[in-house]
Amino acid sequence: MNIRAARKNALILNEAQRLAWLRLIRSENVGPATFRDLINHFGSAESALDALPGLSKRGGKSAIRICPLHEAEAELDAHGRIGARLVALGEADYPPHLRHIDGPPPLLSVRGGSALSEPKTVAIVGARNASLSGRKLAAQFSRDLGQDGHLITSGLARGIDAAAHEAALGSGTAAVFAGGIDILYPPEHDRLLAAIIDSGGNAISEMPLGWKPRGRDFPRRNRLISGMALGVIVIEAAKGSGSLHTARFALEQNRDIFAVPGSPLDPRSEGANGLIRQGATLVTSARDVMDALAGRLEPDLPFTQEIDEPTDDQSPYGGDPGQRARDKLVSALGPTPVEIDELIRFTGETARTIHVLLLELELAGRLERHRGQRVSLLL
């Protein structure tokens, strides 16, 4: 499915469905991949919510916390008070390329206009302690790409991120948060954030309002920065920096990786120079990026299946798979990640049965998901 077809067939949630989606993703042990599997198996978020207690109990957990309706309603109201909204996967203004990644967020907190629907999106990331020349380069790339119709996405961090956002205010930019979109980090970027929103740009996050970012939340944010874009430009990144994590996500998501070379004497250039040695495209101007992405409106990979809410109450769920199938799956799992398709082949059970059993284990807190459709058992 291409972008035009996706927009034509965009999901439209009513208020009750949006609340059910919010309750489901805010419930205990439900992440993006689990959310999708639950709706695929039970037909709707409401049906999935009803099934959570039974699933977690069969997986070995006596009780699971389900987000109550009043909490979901309060979160929706809080979004309204700060001029934000919750955008669901499959809706028209959900970032089009983000649908392609492994485990896209079912709901995004969004402030600002409709710039997120722009398919010509490029990410610019780099050092927080960037040099003056690095900031100038980031601004030049951002300004030139913006004039060519590209939305610029970054993480609102100090240094390269801030320079890229500032230069793209006139053409469109999106800031991705590691915490809730009401928790600004770093706090001194309050004026920059206000300018982004006032100019029609966006602030987005997959985390709940009020969520203070922790160290492990920044890699989650970085996967969104790369996932929203056709390509990622790295300018001044030290070895082991978060910018290189973004580049790694871009590689896994089959995005283009561009790197601006720097002096071998500057440790801030070690990461970008290393990316070039590993095969990233060396770029010295926005024109290099434009030429590489010419004619591209989508990543070069199959379109991820959308989540679809039915209009009736019929559930596709077939019931309890049985203890024999459950025992076979648990015996096949261990601490080493294994592909789900391999589990299906090994156990001889249907894909539907295995996915339901994996849901049971995950909701009970006994399963860990890994990139590449792999899972492992938490011992």
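**Entry 1: N254**

I began with N254, which is partly exposed in this predicted model, its relative accessible area being 38%. I placed N254 in the loop that runs between α10 (242-252) and β8 (256-260). Its backbone caught my attention, for N254 has a positive phi of about 65° although it is not a glycine. I noted for background that most residues other than glycine have a negative phi.

**Entry 2: L156 and the bond before P186**

I then looked up L156, another residue other than glycine with a positive phi, here near 60°. L156 is found in the loop between β4 and α7, and at 1% relative accessibility I had to count L156 as buried, because buried means under 20% relative accessible area.

Where is P186 found? I traced P186 to the loop between β5 and α8, and there I checked the peptide bond that joins Y185 and P186, which is cis, with omega about -5°. Most peptide bonds, by contrast, are trans.

**Entry 3: helix α7**

Is helix α7 (residues 160-167) enclosed or open? I found that 7 of its 8 residues are buried, so α7 is largely enclosed by the rest of the structure. I listed the buried residues as I160, D161, A162, A163, A164, H165 and A167. When I asked what covers these buried residues, I found strands and helices on the list, including β3 (121-126), β4 (151-154), β5 (173-176) and β7 (231-235) as well as α6 (132-147) and α8 (190-198).

**Entry 4: two buried loop residues**

I turned next to L116, whose place is in the loop between β2 (107-112) and β3, and which counts as buried at 3% relative accessibility. Leaving aside its neighbours within four places in sequence, I found L116 in contact with D93, P95, P96, V110, L151, A174, N202, I204 and M228. I also looked up the separation of L116 from H41, which lies 75 residues away along the chain, and the C-alpha atoms of the two are separated by 30 Å.

S269 was the next loop residue I looked up, found between β8 and α11 (270-277). S269 is buried, with a relative accessible area of 4%, and, not counting residues up to four places away in sequence, S269 touches E236, A237, G262 and S263.

**Entry 5: α2 against α3 and α4**

For packed helices I kept in mind that a pair is described by the angle between the axes and the distance between them. The axes of helix α2 (residues 15-25) and helix α3 (residues 32-42) come within 10 Å and cross at roughly 130°, which makes α2 oblique to α3. I recorded the crossing of this pair as right-handed. The contact draws on W21, L24 and I25 from α2 and on P32, F35, L38 and I39 from α3; sorted by class, these are 7 nonpolar residues, with no polar and no charged ones.

I followed α2 to helix α4 (residues 45-59), where the axes come within 8 Å and cross at roughly 35°, and where the crossing is left-handed. Here the contact is made by A20, W21, R23 and L24 of α2 together with A45, E46, A48, L49 and L52 of α4, and I could divide these residues into 7 nonpolar, no polar and 2 charged.

**Entry 6: α14 against α15**

Further along the chain I looked up helix α14 (residues 340-347) and helix α15 (residues 351-363), which pack at an angle of about 115° with their axes 10 Å apart, in a right-handed crossing. I340, L343, I344 and T347 of α14 meet A351, I354, H355 and L358 of α15, and by class I noted 6 nonpolar, 2 polar and no charged residues in this contact.

**Entry 7: the nonpolar cores**

I closed with the cores, bearing in mind that in soluble globular proteins nonpolar side chains tend to be buried together. Which residues have the most contacts inside the largest nonpolar core? That core has 58 residues, and I found W21, L24, L38, V234 and L275 to have the most contacts inside it. I looked more closely at L38, which, leaving aside its neighbours within four places in sequence, is in contact with L24, V30, G43, A48, L52, L55, L359 and L363. I also noted a second, separate core of 22 residues, which includes A127, A138, A164 and L230; A164 had already come up among the buried residues of α7.

Conventions
Residues are numbered from 1 along each chain as its sequence is written. This is a predicted model: local features need pLDDT of at least 70, side-chain atom pairs count only at pLDDT 80 or more; totals for chains, interfaces and linings use all residues. Side-chain values use heavy atoms; hydrogens and water are left out. Axes are lines fitted to C-alpha atoms, for helices over the stretch in contact, and angles run from 0 to 180 degrees between N-to-C directions. Helices (H or I, at least four residues) and strands (E, at least two) are DSSP runs, numbered from the N terminus. Angles under 35 degrees count as roughly parallel, over 145 as roughly antiparallel, 65 to 115 as roughly perpendicular and the rest as oblique. A crossing is left-handed if the near helix is turned anticlockwise from the far one by less than a right angle, and right-handed if clockwise. Contact means heavy atoms within 4.5 Å. Ala, Val, Leu, Ile, Met, Phe, Trp, Tyr, Cys and Pro count as nonpolar, Asp, Glu, Lys and Arg as charged, and the others, Gly among them, as polar. A nonpolar core is a set of buried Ala, Val, Leu, Ile, Met, Phe, Trp, Tyr and Cys residues joined through side-chain atoms within 4.5 Å. Buried means under 20% relative accessible area, exposed over 50%, partly exposed in between (1.4 Å probe, protein chains only).
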